[in-house]
Amino acid sequence: MTLRTLIKRIGPLLALTVLVGLLSLLVPDFLGLRNLRGLLLSVTLVGTIAATMMLVLAMREVDLSVGSIVALSGVLAAVGISATGSIALGVLAGLAGGAMVGFVNGVLVAGFKVNSLIVTLAMMEVVRGLAFLASGGESVAIPVQDFYALGSGGVLGLSWPIWSMIGSFAIFGLILKATVFGRNILAIGGNPEAARLAGVPITRVRIIVFTLQGLVAGLAGIILAARITSGQPNTSIGLELAVISACVLGGVSLSGGLATIGGVIIGVFIMGAAQNALNLLNVPTFYQYVVRGGILLLAVVADRLRQDGRLPRIPMRFSKTDRSETQNV
């Protein structure tokens, strides 16, 4: 194994180790038990959704609508429970709403061959609008207190949001690593044409993956609604960037064909540790936006480095072709 390959494999773990080491020295109480429990709970929303975003990115696609799906599913669950008094019907409404949005994304991307960036960007706006329409533009209180147990209850010392994240990591990590379906996802991301010639059902796989993404985002939205005891149409704005950043930091290639659940877990905790440190240091929110955007840029540059081993050189002089084009303009 070459040094380059070794660094590529352990790079995310090395980054997390260095980050935790620095934060433990610079941020008071960062390694305190209470803070670590809070950190673990704070990454559940991003972590649960990142497991399926890993599959989407591995297919060389992207889904920008997950934040809006979280909001819509939470609102649908709240409206359903308020209207019927049934927790089961409310949860079913939230899950169905999330899965339906994911299915539509999949059909538009795989069936109509529309770029996933454009499709999910448009759906991000459409679904956010539907969340406001379903809620009447206001937060929807959930009157059945037993529903709150989904957000605050738990078993074996871990809350249900943490269990949902662990379950998501386990299920989709296993699917990617040990099933034909997972190998088909990586094959599509690595070389779609070769995958088609090999008989991989590309359209069906893409639709299923986007539907799973919507379903898991819907589940995360329902659990979030239980934690905040209401359906909020304006929640989780910008969540998609945190999820994608966590995946890319964990080694998932934006060019497709490369992903591991271990890397995604590390990426989720890198994002969580950075956010936690900013909160402990009382950094104002607008500075936090700058830091999160910077982390995403670093993740994209790191992805390019992993692919090529180096960054392309920036030309310092215009070539003859460039000068000719400039004069024509």
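# Helices, salt bridges and a buried glutamate

The chain folds into 15 helices and four strands. Helices (H or I, at least four residues) and strands (E, at least two) are DSSP runs, numbered from the N terminus. This is a predicted model, in which local features need pLDDT of at least 70 and side-chain atom pairs count only at pLDDT 80 or more, while totals for chains, interfaces and linings use all residues. Residues are numbered from 1 along each chain as its sequence is written, and side-chain values use heavy atoms, with hydrogens and water left out.

**Overall figures**

The chain has 329 residues, and 43% of them count as buried. Buried means under 20% relative accessible area, exposed over 50%, and partly exposed in between (1.4 Å probe, protein chains only). About 16,800 Å² of the chain is exposed, with 68% supplied by carbon and sulfur atoms. Accessible areas come from the Shrake-Rupley method with a 1.4 Å probe; for residues, only the protein chains shown count as cover. Contact means heavy atoms within 4.5 Å. Among contacts between residues at least 6 apart in sequence, 78% join residues at least 24 apart.

**Helix 5**

Helix 5 covers residues 87-111. Its 25 residues should span 36 Å at 1.5 Å a residue, and its end C-alpha atoms are 35 Å apart, which agrees. The expected span is 1.5 Å times one less than the number of residues. Buried positions in helix 5 include Gly90, Gly94, Gly97, Gly98, Gly102 and Gly106. Ala99, Val101 and Asn105 are also among them. The buried residues of helix 5 pack against helix 4 (66-84), helix 6 (116-135) and helix 11 (202-228).

**Salt bridges**

Side chains of opposite charge can pair when their charged atoms come close. A salt bridge here is a side-chain nitrogen of Lys or Arg within 4 Å of a carboxyl oxygen of Asp or Glu. The count comes to two.

| Salt bridge | Closest N to O |
|---|---|
| Glutamate 61 with arginine 206 | 3.4 Å |
| Arginine 196 with glutamate 193 | 2.5 Å |

Glutamate 61 and arginine 206 link distant parts of the chain, 145 residues apart. Glutamate 61 sits in the loop between helix 3 (44-58) and helix 4, and arginine 206 in helix 11. Glutamate 61 counts as buried because its relative accessibility is 13%. Arginine 206 is buried too, at 13%.

Arginine 196 and glutamate 193 lie three residues apart in helix 10 (residues 192-197), so about one helical turn separates them. Arginine 196 is partly exposed at 47% relative accessibility. Glutamate 193 is partly exposed at 40%.

**Helix 12**

Glutamate 240 is found in helix 12 (residues 239-249). Glutamate 240 is buried yet has no salt bridge. Its nearest side chain of opposite charge, arginine 128, is 5.7 Å away. Lys and Arg count as positive, Asp and Glu as negative; His and the chain ends are not counted. Leaving out residues up to four places away in sequence, glutamate 240 touches Asp63, Leu64, Val66, Gly67 and Met124.

Alanine 242 also lies in helix 12. At 17% relative accessibility, alanine 242 counts as buried. Alanine 242 touches Val46 and Met271, again not counting residues up to four places away. The C-alpha atoms of alanine 242 and glycine 293 are 9.1 Å apart, with these positions 51 residues apart along the chain.

**Surface patch on the chain**

Ile10, Leu14, Val18, Leu22, Leu25 and Leu26 make a nonpolar surface patch of about 620 Å². Patches take residues with over 30% relative accessible area and no salt bridge: like charges are joined within 9 Å, nonpolar side chains (Val, Leu, Ile, Met, Phe, Trp, Tyr) within 5 Å. Leucine 22 lies in helix 1 (residues 3-26). Leucine 22 is partly exposed, with a relative accessible area of 45%.
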